[in-house]
Amino acid sequence: MSSFRIALVCVIVLVALPAAAVESPARVSASRLFTVVNATFDTATALDVAPAGSGAFAELPLDPPLQGGRTDATVRLPAGDCLRDFRVTFRNGAALTFPGIDVCRGSGLRLDAGRRG
């Protein structure tokens with residue numbers, strides 16, 4: 001193969017790589033900080049996160065529990081896809097699920113008293 005053909009093949013491969021990367025789901029390459037604001041009347045005792053739609057929830061440390069009345073906590077999200085599902089469990093055992101939260105576009109989640117899962 002001539003050196004011109006080799007160079008042409010290399011250019012085509014290099015141009016095709018970014019296009020392939022654009023088609024893949026957006027990902028968070030490193031862990032990132034994420035803030036949860038509890039504006040409900042109840043204490044949140046557990047916070048879980050999963051890749052959107054997977055159901056594979058992993059617990060995020062929420063210590064001490066997040067009191068109701070507009071208190072907040074900052075947690076570290078693991079690397080992964082931008083779209084995540086969050087599940088919040090309250091002191092009375094009730095749980096709310098917040099599906100498809102884009103953690104790349106936003107930096108937090110507000111739990112409101114009127115929101116039901």
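## Arginine over a ring

In this predicted model, Arg-87 lies over the face of Phe-57. The distance to the ring centre is 4.1 Å. Arg-87 also has a partner across the strands: Thr-97 in β8 stands opposite Arg-87.

## The four-stranded sheet

β7 and β8 are joined by 6 bridges and run antiparallel. Both strands belong to an open sheet of 4 strands. The order is β4-β3-β7-β8, and the pairing is antiparallel.

Which strands stand at the edges? They are β4, residues 58-60, and β8, residues 95-102. Each has a single partner strand, so one side of each is left without a neighbour in the sheet. Neighbouring strands here are turned against each other by 30 degrees on average, direction ignored.

## Asp-85, a buried acid

Asp-85 lies in strand β7. Is Asp-85 buried or exposed? Its relative accessible area is 9%. Buried means under 20%, so Asp-85 counts as buried.

Contacts with Asp-85 come from several stretches of the chain. Leaving out residues up to four places away in sequence, Asp-85 touches Asp-48, Val-49, Ala-50, Pro-51, Ala-52, Gly-53 and Ser-54, among others. Phe-57 is also one of its contacts; this is the ring that has Arg-87 over its face. Further contacts are Phe-98, Pro-99 and Gly-100. Phe-98 sits 13 residues from Asp-85 along the chain. Their C-alpha atoms are separated by 5.6 Å.

## The aromatic pair

How many aromatic pairs does the structure hold? The count is 1. Phe-34 and Phe-86 form this pair, and the rings are stacked. The centres are 4.9 Å apart, with 10 degrees between the planes.

The pair links distant parts of the chain. Phe-34 is in strand β2, residues 32-39. Phe-86 is in strand β7, residues 83-90. The two are 52 residues apart. Phe-34 is buried, and Phe-86 is buried too.

## The three-stranded sheet

β2, the strand of Phe-34, belongs to an open sheet of 3 strands. The order is β5-β2-β9, with mixed pairing. β5, residues 71-77, and β9 are the edge strands, and each pairs on one side only. On average, neighbouring strands of this sheet are turned by 20 degrees against each other, direction ignored.

In what sense do β2 and β9 pair? They pair in the parallel sense, over 5 bridges. Thr-35 has Gly-108 in β9 as its bridge partner.

## The disulfide

A search of the whole structure finds 1 disulfide. Cys-82 and Cys-104 form it, with their sulfur atoms 1.8 Å apart. The torsion about the S-S bond is about -75 degrees, so this disulfide is left-handed.

The disulfide links distant parts of the chain, with its cysteines 22 residues apart. Both sit in loops. Cys-82 is in the loop between β6, residues 80-81, and β7. Cys-104 is in the loop between β8 and β9, the latter spanning residues 108-112.

The two cysteines fall into separate exposure classes. Cys-82 has a relative accessible area of 6% and is buried. Cys-104, at 32% relative accessibility, counts as partly exposed.

Definitions and conventions:
Residues numbered from 1 in each chain as written. Predicted model: local features only at pLDDT ≥ 70, side-chain atom pairs only at ≥ 80, totals over all residues. Heavy atoms only, no water. Phe/Tyr/Trp six-rings, centres within 6.5 Å; stacked < 30°, edge-to-face > 60°. Buried < 20%, exposed > 50% of the residue type's maximum accessible area, 1.4 Å probe, protein only. Lys NZ or Arg CZ within 6 Å of the ring centre and 35° of its normal. Pairing = 2+ DSSP bridges. Axes fitted to C-alpha atoms, helices over the stretch in contact; angles between N-to-C directions. Disulfide = S-S within 2.5 Å. Contact = heavy atoms within 4.5 Å.
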